[in-house]
Amino acid sequence: MTVLFDYPKAAAFGRVVSKTRIYEHAGASTALKDLFVTQVDQIVWKFKLAPETINLAATRTVSEIQVFGISLRTNKLDEEVLRAIDRAIPFPLLFELAWSGKRKAVAAFKRPSEADATKWVVSEYFATDWAPDDAPRQPLPVALNLGGLYDAILTAMMPVSKAAGEDIQTRVARMEAIRAKTREVDRIKARLGREKQFNKRVAINAELRMAKQELDRLAMGEPIRAVTSE
């Protein structure tokens, strides 16, 4: 999955973002600052997707979408760096990471808190695969408003298809449930690999089979059931 979008030239912003400003607004700890120093070369506010730049109406939860480019010093970026930027900028964000002639898109579903409209709720992050810098880009998805555009861009980053009638919050919850169930399957497999007693292996195999069945149901878009989390 290597979807990268071709953002309109009219939405270009092109402003370098100071790491220090991010630290201030995100309340960065010394450990977090160290991550920025060792992993991030430069942060550029590349595009501003807003009613006046792409001619799509704002919605209650999505008034603008900002696209940030992050040049990396390494091929690994700790998600806490992205969370810090998301905390500092009070808009939905899309990130494009650049490293060694390659790019990838990363984003979390970000929405105002229902309990406190001044705060934001940020989901787990979704990401495309790395693609060459010169890889073809796709036109932005067709949408009626900025909320619909944000929904479509995030959906393009998700590893499984959208289920019929599924809104963005339900879809994000299902993606997070799939990740949790995948981790559970991996833990059960590890236990099975360590276990030598036949009777215990039979019981673990049965547990593994049930977990895989639940994972398949989630991937097919069936209603979310109880999911073991870490």
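These legends accompany close-up views of one predicted model.

**View 1. The whole chain, a predicted model of 230 residues.**
The chain holds seven helices and nine strands. Its C-alpha trace spans about 65 × 40 × 40 Å along the principal axes. Of the residues, 43% count as buried. Among contacts with a separation of 6 or more, 67% join residues 24 or more positions apart.

**View 2. Confidence along the chain, with a mean pLDDT of 91.**
A pLDDT of 70 or more is reached by 96% of the residues. Confidence is highest in strand S4, at a mean of 98. It is lowest in helix H6, at 90. Over residues 226–230, pLDDT stays under 50. For this stretch the model has 11 contacts beyond four places in sequence.

**View 3. The largest nonpolar core, built from 41 residues.**
Tyr-7, Leu-49, Ile-65, Leu-94 and Leu-149 touch the most other members. Three strands each give two or more residues to this core: S3 (40–49), S4 (65–72) and S6 (102–112). Helices H5 (146–157), H6 (168–194) and H7 (198–219) also do so. H6 supplies the largest share, eight residues. A second core lies apart from this one and has 26 residues. Its members include Ile-22, Phe-68, Leu-77 and Ile-85.

**View 4. Leu-94 and its contacts from elsewhere in the sequence.**
Neighbours within four places in sequence are left aside here. Leu-94 is then in contact with Tyr-7 and with the run Ile-65, Gln-66, Val-67 and Phe-68. Val-106 and Ala-107 also touch Leu-94. Tyr-150 and Ile-153 complete the list of contacts. Leu-94 is among the core residues that touch the most other members, as are Tyr-7 and Ile-65.

**View 5. The largest cavity, with about 60 Å³ of space.**
The count comes to one cavity of 30 Å³ or more. Val-3, Leu-4, Phe-5 and Tyr-7 are among the lining residues. So are Leu-94, Phe-95 and Glu-96. Ala-105, Ile-153 and Met-157 also line the cavity. Strand S5 (93–99) and helix H5 each supply at least two lining residues. The largest share comes from S5, with three residues.

**View 6. The largest pocket, with about 250 Å³ of space.**
Its lining has 14 residues. Thr-61, Phe-109, Arg-111, Ile-168 and Gln-169 lie nearest the centre. S6, H5 and H6 each supply at least two residues of the lining. S6 gives the most, with four.

**View 7. Helix H4, residues 79–88, and its buried positions.**
Val-81, Leu-82, Ala-84, Ile-85, Asp-86 and Ala-88 are buried in this helix. Ile-85 also belongs to the core of 26 residues. At the start of H4, a side-chain oxygen of Asp-78 reaches to within 2.8 Å of the backbone nitrogen of Glu-80.

**View 8. Asp-86, a buried residue of helix H4.**
Asp-86 has a relative accessibility of 4%, so this residue counts as buried, under the 20% limit. Residues up to four places away in sequence are not counted in what follows. Asp-86 touches Phe-91, Leu-93 and Phe-95. Lys-110, Val-122 and Tyr-125 are also touched by Asp-86. One of these residues, Phe-95, lines the largest cavity.

**View 9. Pro-8, in the loop between strands S1 (5–6) and S2 (12–17).**
The relative accessible area of Pro-8 is 28%, so this residue is partly exposed, between the limits of 20% and 50%. Leaving aside neighbours within four places in sequence, Pro-8 is in contact with Phe-47, Leu-49, Ile-54 and Leu-140. Leu-49 is among the best-connected members of the largest nonpolar core, those that touch the most others. Lys-48 is 40 residues from Pro-8 along the chain. The C-alpha atoms of the two are separated by 9.6 Å.

**View 10. Pro-139, in strand S9 (residues 138–139).**
Pro-139 has a relative accessibility of 63%, so this residue counts as exposed, over the 50% limit. Val-37 is 102 residues from Pro-139 in sequence. From C-alpha to C-alpha, Pro-139 and Val-37 are 34 Å apart.

How values were computed
Residues are numbered from 1 along each chain as its sequence is written. This is a predicted model: local features need pLDDT of at least 70, side-chain atom pairs count only at pLDDT 80 or more; totals for chains, interfaces and linings use all residues. Side-chain values use heavy atoms; hydrogens and water are left out. A nonpolar core is a set of buried Ala, Val, Leu, Ile, Met, Phe, Trp, Tyr and Cys residues joined through side-chain atoms within 4.5 Å. Buried means under 20% relative accessible area, exposed over 50%, partly exposed in between (1.4 Å probe, protein chains only). Contact means heavy atoms within 4.5 Å. A polar contact is a pair of N or O atoms within 3.5 Å; within protein, one must be able to donate a hydrogen and the other to accept it, and residues adjacent in sequence count only if both atoms are side-chain atoms. pLDDT is the predictor's confidence in each residue, from 0 to 100. On a 1 Å grid over the protein atoms alone, a cavity is a set of points where a 1.4 Å probe fits but cannot get out, and a pocket is an open set with protein on both sides within 12 Å along at least five of seven lines; lining residues have an atom within 4 Å of a point. Grid points are joined across faces, edges and corners, and a volume is the space filled by probe spheres set on the points.
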